[in-house]
Amino acid sequence: MDASFAARLRSSPGSSTRSSVAQESFAGFEQFFREQYQVVVRIAFAVVGDAQLAQDVAQDVFVAALSRFPDPADSDHADAWVRVAAAHTALNAIRGERRRQRRQQLSPAEPAPAGPEEKVLERESRAEVRRALSRLPRRSATVLVLRHNGLSYAEVATAMNVTVGQVGTMLRRAESALRKELAHASRA
Amino acid sequence: MHHVPSPVLRRLADDPLAVPDRARRHVDGCSRCQAQRGKVAGDAALASHLLSVPSDFGGAGDVDLEWIMLNERLRQPDLATPPVTAHRRHLPLPVTRISVGAGTAAVAAVIAAGVGAAAALTTVFAPTHVAPVRVSNSDLQAISSITGLSPGELSGGVSPSGSVPLRFGVLSWTTAGQLRQVSSVAQARALTHLAYAAPQALPSGVGSPSSIEVLPRVSATISFGPSASGGVAGSTLEITAGPGIVVQYGASGSGGSSLTTLVTVSMRRPLASSTGATASELENFLLSQPGTPSGLAEQLKLLGNPGTVLPIPVPAGASEQQLTIGGSPAVLVTDRTGAASGVIWESRDGIVHGVGGLLDSGDVLRVARQVG
């Protein structure tokens, strides 16, 4: 919609020329955004477990997607790209969180926010899943969140640039690894 | 046949039709493969339980708002993607001071006028909440002289379609059909596809509905002429709002009295899009028009993100209060005498609601909480 921005984006610095081609292209990107937004934020949420952070992840993904696919309709893999990018960006976010937690462990702890017991348990459970995901190989974590959030085997294969047969192998290994990570964490 | 490998057993768990019959028959007759299948399916179920997010989960946010935010972010000079954890969302500023137009008339008029307010300020407009703007009579006269619309027209009294020349272009509007009287709320719901919940418990003195109307969808366009400056020239701003449902209630036990004691209005929020100028360009251009009241311009700028706030004009002298209805910010206004009050809010599904009448604020809120 903000076609003037699109025009500026594609014109040389300092130029105010507005290209109708660029405006049409940006309209195409808006359509792409609207079609893909829900699935992108859903994938991100599966990883980060926080709606606002998932929306931030989606924003980052689409900013990057615009520079890579200014005309998404002309690409046969823009859909796949944003989905994998959502998983990767979300995994980066929770890995950053791990680093932050390590730093916090070295400084005086802040009291945990009070809340009903169920909420505390739910929060801890989500945190445990995030920690387990962050310890998995990136491709394993990615295949897990893609497959368990509506992508078919064929779509996962396209998104990850592997064969459909390989998806089954990757998925099986990833699910086994996730269970082991969680079991390891519960023993620790 | 050899035992079925784990990846095939995995696919058997959630895509069995893709597994060859031969493999399925083997599993049916092989205790070892059945045991392995159970383990694989268990891991798959655990992962699904922990990682699956329902397709209709409520955390995705508002795609219109997210698109606005993306546009804002892209306008920043540095287009590099920052680390996710370092990126602060430009969420709408919290509504720190909220008010609303007074009385029944204001409730109905303000929602209609909101479309105009939206048009005046945004390129892409998808409000998520309401916020007050104090408007004096002199402000209205000033806007009237800029737009060429009379104060009555600005309050929602425009004809079904038309156009007026502006200093900087042309404002035109059309409605999709006529305002329509219907016989029941159910019919209104069916015509508008709005999930409107009619209040069941009415305040003392309020009778049954005396009128149920369906407001048509309204579209307005501002075409900026070549004389418009600041990057706005040649742009077109398109605004849509509605449809909506207006229900008026009479007085109980009033015989043939035509007194309206309560009005509820629910309508789809206004949305605006521009084919050219940015939201900032439009805001700066419109607020810098000669004759624009400086106090009003200052208030509008203080609202924050113009794409997410629905400005509600508030007459001077009314008392206002901030509260929530159904978890959404709402503004309640009571006239000087306390005899009339109204409340406006936007529910999370993008419907703008107004409830007002010749009632005290407590009664109005009790009705509003049934609607939203």
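Here is a short chat about a predicted model with chains A and B.

Me: Before we start, how are things numbered here, and what pLDDT do local features need?
Reply: Residues count from 1 along each chain as its sequence is written, while chains are lettered from A and ligands numbered from 1 in the order in which they are written. The model is predicted, totals for chains, interfaces and linings use all residues, side-chain atom pairs count only at pLDDT 80 or more, and local features need pLDDT of at least 70.

Me: Let's take chain A. How many helices and strands does it have?
Reply: Helices (H or I, at least four residues) and strands (E, at least two) are DSSP runs, numbered from the N terminus. Along the sequence, chain A reads α-α-α-α-α-α-α-α. The tally is eight helices and zero strands.

Me: What percentage of chain A is buried?
Reply: A residue is buried if 20 or more other C-beta atoms lie within 10 Å of its own, exposed if 12 or fewer, and partly exposed in between, with C-beta atoms placed from the backbone. Chain A has 188 residues, and the buried part comes to 43%.

Me: Among contacts between residues at least 6 apart in chain A, what share joins residues at least 24 apart?
Reply: Two residues are in contact if their C-beta atoms, placed from the backbone, lie within 7 Å. For those contacts in chain A, the share is 65%.

Me: How far does helix 8 of chain A reach from its first C-alpha to its last?
Reply: Helix 8 covers residues 164-187, which is 24 residues. The expected span is 1.5 Å times one less than the number of residues. That gives 34 Å for helix 8, and the model comes close to it, at 35 Å.

Me: Which non-glycine residue in the loop between helix 7 and helix 8 of chain A has a positive phi?
Reply: Most residues other than glycine have a negative phi. In the loop after helix 7 (153-160), one residue goes the other way, with phi about 60°. That residue is exposed, having 10 other C-beta atoms within 10 Å. The name is A:Asn161.

Me: Is A:Val162 exposed or partly exposed?
Reply: A:Val162 sits in the loop between helix 7 and helix 8 of chain A. Leaving aside residues up to four places away in sequence, A:Val162 touches A:Ala157 and A:Val167. With 15 other C-beta atoms within 10 Å, A:Val162 is partly exposed.

Me: Over to chain B. Where is B:His193, which has a positive phi?
Reply: B:His193 has phi of about 60° without being a glycine. B:His193 counts as exposed, with 9 C-beta neighbours inside 10 Å. Its place is the loop between helix 8 (185-192) and strand 5 (206-215) of chain B.

Me: Which peptide bond is cis?
Reply: Most peptide bonds are trans. In chain B, the loop between strand 7 (236-241) and strand 8 (244-251) holds B:Pro243. The bond leading into that proline has omega near 5°, and it runs from B:Gly242 to B:Pro243.

Me: Which strands stand at the edges of the eight-strand sheet in chain B?
Reply: Strands pair if DSSP finds at least two bridges between them. This open sheet has antiparallel pairing and the order 4-5-8-9-15-14-13-12. Each edge strand has a single partner, so one side is left without a neighbour in the sheet; the two are strand 4 (180-181) and strand 12 (319-325).

Me: And which strands are at the edges of the five-strand sheet?
Reply: The order is 2-3-6-7-10 in chain B, again an open sheet with antiparallel pairing. Each edge strand pairs on one side only, and these are strand 2 (162-166) and strand 10 (271-274).

Me: How many bridges join strand 2 to strand 3 in chain B?
Reply: Strand 3 spans residues 169-175 and runs antiparallel to strand 2. B:Ser163 stands opposite B:Ser172 in strand 3. The number of bridges is five.

Me: Which helix of chain A gives the largest share of the largest nonpolar core?
Reply: A nonpolar core is a set of buried Ala, Val, Leu, Ile, Met, Phe, Trp, Tyr and Cys residues joined through C-beta atoms within 7 Å. The largest one has 135 residues, and A:Ala44, A:Ala86 and A:Ala90 have the most contacts inside it. The largest share, 14 residues, comes from helix 2 (residues 20-48) of chain A.
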